[in-house]
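Me: I have a structure open that I have never looked at before. Could we walk through it together, a piece at a time?

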Amino acid sequence: MTLASIDISILLPALVAGLLVTATHVPLGTQVLARGIVFIDLAIAQIAGCGVLLADHLGFEPEGIAVQIAALAAALSGALLLTWTERRWPEVQEAVIGVVFVLAATGGILLLASNVHGSEHLRDLLVGQILWVQTRQLVWAALVYGVILALWFGLGQRVGRTGFYLLFACAVTVSVQLVGVYLVFATLIVPPLATRKLTALRLPVAWTLGVAGYLVGLIVSTSSDLPTGPVIVWTLAVLGILTHAFIARRAPVSRSTNEASEPSRRPDAGSNKALGRSQ
């Protein structure tokens, strides 16, 4: 398959999905890194995925309102649980998040154990089907993301710990159904991680990195006939490494260590001379 053979009506919605996910997840990912809870998105995403799989197991339509409610209810429950554990055991919060992730991941496998299409559903949940995203999904996602961004940038730190977890859960619930668990994690972590050394323009650079990752990944995937989700993940990682290297080279060399060490040597020299004179 070549790039020329790809219908733009398929490629464009996929790119729009990537732009929407990037716009929302980059600022949330910056906060995730600051809080030191990197794997929270995997945990919440897996919990939301369990909600989707449970609704499917009960016979509801894959894109019906019942599935959306199940996914959101599961994600919000997980977010409230992790809010409580952070208050109760903050020193082991990352470990708790890991346990929750493992339980949610294996719970999904158990839900699919009796499903003849279980492996296919699990792959779709993890890798996603970004090339087949539909316009109505994008409209719904844009509305939800718009509210999340308005609250995030409007209230800032005033959303508090619980507010952050709830906004995060809502964003991840929508994103998992658009692009899959792996792309949710990559979009949330890679751009903020690659730009962590920046103090100015961090968000614009991280947003640009995310957009470039989706755009280049889609082009490479469609021109090489490789799975789109994994290709975009790898593209984001490669561009993230290059961006971080570029930032590191452009950053001014810190002289704080030399400046701190030189004054410490000068008093010693002066005190030795004074001691010699006194003797």
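Me: Starting with one residue, is threonine 235 buried or exposed?
Reply: Threonine 235 is buried, with a relative accessible area of 12%, where buried means under 20%, exposed means over 50% and partly exposed lies in between, using a 1.4 Å probe and protein chains only. Before going on, please keep in mind that this is a predicted model, in which local features need pLDDT of at least 70 and side-chain atom pairs count only at pLDDT 80 or more, while totals for chains, interfaces and linings use all residues. Residues are numbered from 1 along each chain as its sequence is written, and side-chain values use heavy atoms, with hydrogens and water left out.

Me: Where is threonine 235 placed, and which residues is threonine 235 in contact with?
Reply: Threonine 235 belongs to helix H10, residues 228-250; helices here are DSSP runs of H or I with at least four residues, strands are runs of E with at least two, and both are numbered from the N terminus. Leaving aside neighbours within four places in sequence, threonine 235 is in contact with Gly213, Val216 and Gly217, contact being heavy atoms within 4.5 Å. Threonine 235 also lies 9.6 Å from glycine 210, C-alpha to C-alpha, with the two positions 25 residues apart in sequence numbering.

Me: Zooming out, how many helices and strands does the protein chain have?
Reply: The protein chain comes to eleven helices and zero strands. Of its 279 residues, 41% are buried, and among contacts between residues at least 6 apart in sequence, 79% join residues at least 24 apart.

Me: What about the core, which residues touch the most other members?
Reply: The largest nonpolar core has 61 residues, and those touching the most other members are Ile40, Ile44, Phe164, Phe168, Leu178 and Tyr214. Helix H7, residues 160-179, gives the most to this core, with eleven residues. A nonpolar core is a set of buried Ala, Val, Leu, Ile, Met, Phe, Trp, Tyr and Cys residues joined through side-chain atoms within 4.5 Å. Not counting residues up to four places away in sequence, isoleucine 40 touches Val32, Leu82, Ile97, Tyr165 and Phe168.

Me: And how many residues of H7 are buried?
Reply: H7 is mostly covered, with 14 of its 20 residues buried. From its first C-alpha to its last, H7 reaches 28 Å, close to the 28 Å expected at 1.5 Å a residue, where the expected span is 1.5 Å times one less than the number of residues. Just after H7, glycine 180 takes a positive phi of about 95°.

Me: Switching to H1, where does the kink lie?
Reply: The kink, of about 35°, lies at histidine 25, shortly before proline 27; the bend at a residue is the angle between axes fitted to the seven residues ending there and the seven starting there. H1 covers residues 8-35, and its end C-alpha atoms are 40 Å apart, which agrees with the 40 Å that its 28 residues should span. Glycine 36, just after H1, takes a positive phi of about 70°.

Me: Last topic, how many disulfides are there?
Reply: The count comes to zero disulfides, taking a disulfide as a pair of cysteine sulfur atoms within 2.5 Å. Cysteine 50 is buried, with a relative accessible area of 16%, whereas cysteine 170 counts as partly exposed at 23%.
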